[in-house]
Amino acid sequence: MSTPTIATGAARSGATTPLGRLRALSRAEFTLLMRNRSAVITALFVPLLLPFSLYQGMREMDLAAHGLSLGVLMLTAGIGFSLLFAVYATLVATYVSRREELVLKRLRTGEASDAEVLGGTAMPVLAVSLAQTLLMAVACAALLDIGAPKAPHLLVLGVVLGAVLCAALGAATARLTRTVESSQVSSLPFLFVTMLGSGMAVPTEVMPDRMAAVCELLPLSPAIRLVRDGWLGTMSAGEALTAVATALVWVVLGVFAVRRWFRWEPRR
Amino acid sequence: MDISKGEQVIEVTDLRRVYKGGYEAVRGISFSVGRGEIFALLGTNGAGKTSTVELLEGMDRPAGGRVRVLGHDPYGERAAVRPRTGVMLQEGGFPSGLTVAETARMWAGCTSGARPEAEVLELVGLRRRADVKVKQLSGGERRRLDLALALLGDPEVLFLDEPTTGLDAEGRRETWELVRALRDQGTTVLLTTHYLEEAEDLADRLAILHEGRIAASGTPAEVTAARPSRISFELPAGHLPADLPPLAPMGVVGHGTEGSLLRLHTCELQRTATELLAWAAAEGLELRRLDVRSASLEEAFLDIAREAGGRQETPGTGQAIDQGTARKTEKAS
């Protein structure tokens with residue numbers, strides 16, 4: 001810091017673009033994700049291991065009576081776990097951590113928009129979740145004899161809506177979380193409710209009617225349903241529309257909550 | 001050269017900021033900063049410096065009043081302002097798990113017209129630390145990294161919130177040189193500091209904030225010129241302040257005691273000092289701990305704090321003398 005010569009003839013970069021900024025933020029965030037051991041375990045391994053815990057319980061259900069197959073249910077649960085752990089739970093901790101380190105505040109002093117800052121942080125875990133989904137789909141198709149998806153467009157729609165929703169809800173949950181440690185607690189309600197009620201561990205078809213009707217309105221239920229029935233091809237157009245509309249309502253609510261209440265810096 | 005008649009890069013009018021819960025941190029301040037000027041906001045902790053700078057940076061919407069940076073509203077017209085400003089927050093803001101180089105690369109990807117990262121790291125003396133993680137940097141090194149990134153896009157306007165806090169004396173001087181060099185190239189700099197000598201040495205103009213209001217502003221010379229100079233000394237044992245010749249004819253505008261020390265305030269330092277010393281010589285007295293000093297920014301600053309403190313005190317709470325001094329000083333100025 002000895003010679004304060006400021007001007008140089010060195011080449012400068014051009015004006016930034018939204019995509020360029022998103023890429024720069026995602027790249028940094030991916031490096032951080034890979035250096036964080038507990039995040040790697042939560043995001044990478046938990047979603048791949050948890051489906052096996054459901055295997056025994058599902059085998060004892062009378063699935064055939066509802067036109068379901070064990071293989072597709074396992075795959076659906078795996079994709080659900082990926083959304084919950086790789087995307088939602090990891091993002092709650094990450095947003096809280098970046099906020100408490102004042103990273104979010106510092107980024108907002110720059111050119112990136114709020115959506116780019118939050119999106120750049122979410123991008124690596126979204127990519128991880130997508131990779132897990134593809135891996136599980138290929139593995140299940142090859143090993144569990146479930147054939148090819150009958151309505152792949154619904155399946156893709158379910159994965160995309162689920163991922164966006166989990167990212168938005170992750171940011172919303174971060175708003176309610178003070179420290180990285182407490183994010184392990186604050187993310188539990190959504191994890192449990194989704195695992196039990198959204199058709200991951202127990203298909204809603206096996207539930208009493210009234211309970212099933214309520215469970216189908218839970219945030220991640222439509223996405224899970226689209227994934228499962230997209231593979232099975234058992235969804236009518238009306239059912240598909242209802243599911244997409246329900247999912248969209250949750251996405252809009254989540255995005256609204258983040259825009260309205262998200263906290264960009266620690267409490268003073 | 002009257003810099004204030006040039007283009008106004010920052011214009012602040014009757015600015016107010018109120019936090020949730022009702023605390024009013026900024027209570028109606030106005031100032032402007034011309035292109036190529038270094039403007040310092042000076043104040044104690046809690047005076048409203050950071051609250052003000054954050055409004056200029058566009059981090060929050062003002063509760064009242066108006067801010068314009070380069071002719072735009074920094075909060076509402078973020079996209080128009082951000083590519084032309086550089087910001088250094090009061091504290092950190094970089095992921096502790098990234099290295100210096102990775103942090104700079106991330107920031108460069110979000111900065112229009114970014115110069116090569118190595119170049120700005122060189123500028124602040126961090127190039128050799130490029131592969132060190134942010135969490136392993138010292139407090140001073142983190143400040144330098146922050147400064148480097150604020151400079152990355154060659155901003156027209158630079159906001160520096162306590163840029164030298166945590167730096168050692170040498171690091172502080174180096175930062176000052178850098179800021180001056182930037183100013184000489186036409187960069188407009190708004191900085192906050194609670195180091196008085198930093199404001200005095202570096203700023204073309206400054207404002208002293210106190211409890212969310214501007215208590216004094218102008219060039220460092222103007223701010224100090226409005227303040228009385230000070231003579232302090234100890235009378236020999238057996239002599240009382242009442243033994244002094246009449247003070248007003250000597251040009252003394254206020255006085256007080258501080259332990260055994262007697263303090264005189266004057267706007268005509270040479271005349272008062274001459275007459276005091278002539279009196280002492282004639283009486284054959286030795287004035288011990290004699291200290292004669294012109295008004296400094298420090299004096300001005302302490303006066304402002306004392307005046308405000310005095311105003312808040314209820315009479316007869318054991319600080320009667322200081323209060324008396326403060327009142328007189330206040331009247332005089």
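What span should the 16 residues of helix α6 (residues 169-184) of chain B have at 1.5 Å a residue, and how far apart are its end C-alpha atoms? Keep this question in mind while you look around, and remember that the model is predicted.

**The whole chain.** Begin by selecting chain B in full, whose C-alpha trace spans about 75 × 45 × 40 Å along its principal axes. Colouring by secondary structure should bring out 11 helices and 13 strands. Of the 333 residues of this chain, 44% count as buried, and among contacts between residues at least 6 apart in sequence, 69% join residues at least 24 apart.

**Helix α6.** Now select residues 169-184 of chain B and return to the opening question: at 1.5 Å a residue the helix should span 22 Å, and its end C-alpha atoms lie 23 Å apart, which agrees. Next, show the side chains of B:Arg172, B:Glu174, B:Thr175, B:Leu178, B:Val179 and B:Leu182, which are the buried residues to look for in α6(B). If you turn the view until you look down the axis of α6(B), these buried residues fall within an arc of 165 degrees, so they line one face of the helix. It helps to recall that an α-helix has 3.6 residues a turn, so residues three or four places apart point the same way. On the face turned away from the buried side of α6(B), select the exposed residues B:Ala169, B:Glu170 and B:Asp184.

**Around and after the helix.** To see what the buried residues of α6(B) pack against, add the elements of chain B that they meet, among them β3 (38-42), α5 (139-151), β6 (157-161) and β7 (188-193). Just after α6(B), stop at B:Gly186, which takes a positive phi of about 105 degrees.

**The sheet.** Finally, display the open sheet of 6 strands in chain B, which has the order β5-β6-β7-β3-β8-β9 and mixed pairing. At the edges stand β5 (85-88) and β9 (213-218) of chain B, each with a single partner strand, so one side of each is left without a neighbour in the sheet. As you move across this sheet, the twist averages 15 degrees from one strand to the next.

Zoom in on β6(B) and β7(B), which run parallel and are joined by 5 bridges; here you can select B:Asp161 together with its bridge partner in β7(B), B:Thr192. Then bring back α5(B), which packs on the sheet and touches β5 and β6 of chain B, its direction making about 170 degrees with that of β5(B).

Methods:
Residues numbered from 1 in each chain as written. Chains lettered and ligands numbered in written order. Predicted model: local features only at pLDDT ≥ 70, side-chain atom pairs only at ≥ 80, totals over all residues. Helix = DSSP H or I, 4+ residues; strand = E, 2+ residues; numbered from the N terminus. Buried ≥ 20, exposed ≤ 12 C-beta atoms within 10 Å, placed from the backbone. Contact = placed C-beta atoms within 7 Å. Expected span 1.5 Å × (residues − 1). Arc of directions from axis to C-beta. Pairing = 2+ DSSP bridges. Axes fitted to C-alpha atoms, helices over the stretch in contact; angles between N-to-C directions.
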